[in-house]
Amino acid sequence: MAELVFFSGTMDCGKSTLALQLDHNHAARGRGGVVFTRNDRAGVDVLSSRLGLRHPASEVTDTTDFWDDVVQRRTRGERVDYLVCDEAQFYTTTQVEQLAALVDEMGVDVFAFGITADFRTRLFPGSARLIELADRVEVLQVMSLCWCGARATHNARTVRGIMVVEGEQVVVGDTDAAAEVGYEVLCRRHHMRRMTVAAARATSSAPDTLPFPLED
């Protein structure tokens with residue numbers, strides 16, 4: 001039976017790498033699939049991973065209709081058994097509902113990959129709808145690490161090296177610290193403190209102190 005599966009996690013946890021591996025495994029068994037992505041760091045019409053892997057992909061825009069796309073492909077004689085949908089947090093709620101309809105009405109497996117929450121710790125609309133509709137939500141087990149060594153659970157945005165918590169929800173950037181707009185993964189503690197690795201280096205190298213004086 002076909003499924004809608006949402007693989008979620010922070011940046012640097014291997015989502016795109018897993019998406020490419022999953023596509024390879026299914027294609028190797030003779031299944032026909034289509035790879036979709038949106039706002040990939042490497043550009044348009046490509047799915048890339050931070051390990052350097054790249055694969056051609058169909059670029060998703062606000063006008064993309066997944067139902068019509070699959071119907072047209074099958075009408076042309078293409079075999080479409082599954083969809084790999086990377087950067088699914090950027091999809092609209094309507095597009096997520098189209099993906100669910102493809103699973104239920106056409107028996108197409110849909111494997112969606114995306115970040116759950118934005119730099120403000122707010123759910124992306126696409127991710128929220130996927131959580132609501134998915135048959136399964138899989139949290140990737142490869143841990144992203146905060147600069148302190150703890151498990152990273154939040155994505156931080158920096159502008160010219162300074163962490164920000166306001167602005168447009170979708171701004172494409174990268175993890176390069178020198179970038180105008182950059183992103184960094186942090187544990188909740190340091191996200192709440194707005195302490196990126198650059199901020200930590202700028203302060204004392206001494207361990208964090210308690211917010212109150214110790215008493216004898």
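Leaving aside its neighbours within four places in sequence, which residues is aspartate 86 in contact with? In this predicted model, the residues in contact with aspartate 86 are Ser16, Phe36, Thr37, Arg38, Asp40, Leu47, Tyr91 and Phe113. Aspartate 86 itself sits in the loop between β6 and α3. Its relative accessible area is 1%, and a residue counts as buried when that value is under 20%, so aspartate 86 is buried. One of its contacts can be described in more detail: the side chains of aspartate 86 and serine 16 are joined by a polar contact of 2.8 Å. The surroundings of aspartate 86 also show how the chain brings distant positions together. Valine 35 is 51 residues away from aspartate 86 in sequence, yet the two C-alpha atoms are 7.8 Å apart in space.

The whole chain can be described in the same terms. The protein chain has 216 residues, of which 42% count as buried. Its secondary structure consists of six helices and 11 strands. Among contacts with a separation of 6 or more, 72% are between residues 24 or more positions apart. The chain exposes about 11,800 Å², and carbon and sulfur atoms supply 52% of that area.

Following the chain onward from the loop of aspartate 86 leads to helix α3. This helix covers residues 93–106, which makes 14 residues. From its first C-alpha to its last it reaches 19 Å, close to the 20 Å expected at 1.5 Å a residue. The buried residues in α3 are Gln95, Val96, Gln98, Leu99, Ala100, Leu102 and Val103. An α-helix has 3.6 residues a turn, so residues three or four places apart point the same way. What lies over the buried residues of α3? The cover includes the strands β1 (4–8), β6 (82–85) and β7 (109–114), together with the helices α2 (66–75) and α4. After α3 comes glycine 107, which has a positive phi, near 70°.

Two of the buried residues of α3, Gln95 and Gln98, are also touched by threonine 64. Not counting residues up to four places away in sequence, threonine 64 touches Glu59 as well. Threonine 64 lies in the loop between β5 and α2. It has a relative accessible area of 15% and is therefore buried. A polar atom of its side chain lies 2.9 Å from the backbone nitrogen of threonine 61.

The loop between β5 and α2 also holds aspartate 62, which takes part in a salt bridge. Side chains of opposite charge can pair when their charged atoms come close. Aspartate 62 pairs with arginine 38, and their closest N and O atoms are 2.9 Å apart. Arginine 38 lies in the loop between β2 (33–37) and β3 (46–48), so this salt bridge ties together parts that are 24 residues apart in sequence. Are the two partners buried or exposed? Aspartate 62 counts as exposed because its relative accessibility is 54%, while arginine 38, at 13%, counts as buried. Arginine 38 is also one of the residues in contact with aspartate 86.

A search of the whole structure finds 12 salt bridges. Another of these joins arginine 73 to aspartate 69, with 2.5 Å between the closest N and O atoms. These two residues are four apart in helix α2, so about one helical turn separates them. Arginine 73 forms a salt bridge with glutamate 78 too, and here the closest N and O atoms are 3.4 Å apart. With a relative accessible area of 14%, arginine 73 is buried, whereas glutamate 78 counts as partly exposed at 32%. Salt bridges with shared partners link Asp69, Arg73, Arg76 and Glu78 into one network.

The last stop is on the surface. Which residues make the nonpolar surface patch of about 320 Å²? The patch is made by Leu123, Ile131, Val137 and Val139. Isoleucine 131 belongs to helix α4, which runs over residues 125–133. Its relative accessible area is 38%, so isoleucine 131 is partly exposed. Helix α4 thus appears in two places in this account, because it holds a residue of the patch and is also among the elements that cover the buried residues of α3.

How values were computed:
Residues are numbered from 1 along each chain as its sequence is written. This is a predicted model: local features need pLDDT of at least 70, side-chain atom pairs count only at pLDDT 80 or more; totals for chains, interfaces and linings use all residues. Side-chain values use heavy atoms; hydrogens and water are left out. Patches are made of residues with over 30% relative accessible area and no salt bridge: like charges are joined within 9 Å, nonpolar side chains (Val, Leu, Ile, Met, Phe, Trp, Tyr) within 5 Å. Accessible areas come from the Shrake-Rupley method with a 1.4 Å probe; for residues, only the protein chains shown count as cover. A salt bridge is a side-chain nitrogen of Lys or Arg within 4 Å of a carboxyl oxygen of Asp or Glu. Buried means under 20% relative accessible area, exposed over 50%, partly exposed in between (1.4 Å probe, protein chains only). The expected span of a helix is 1.5 Å times one less than its number of residues. Contact means heavy atoms within 4.5 Å. A polar contact is a pair of N or O atoms within 3.5 Å; within protein, one must be able to donate a hydrogen and the other to accept it, and residues adjacent in sequence count only if both atoms are side-chain atoms.
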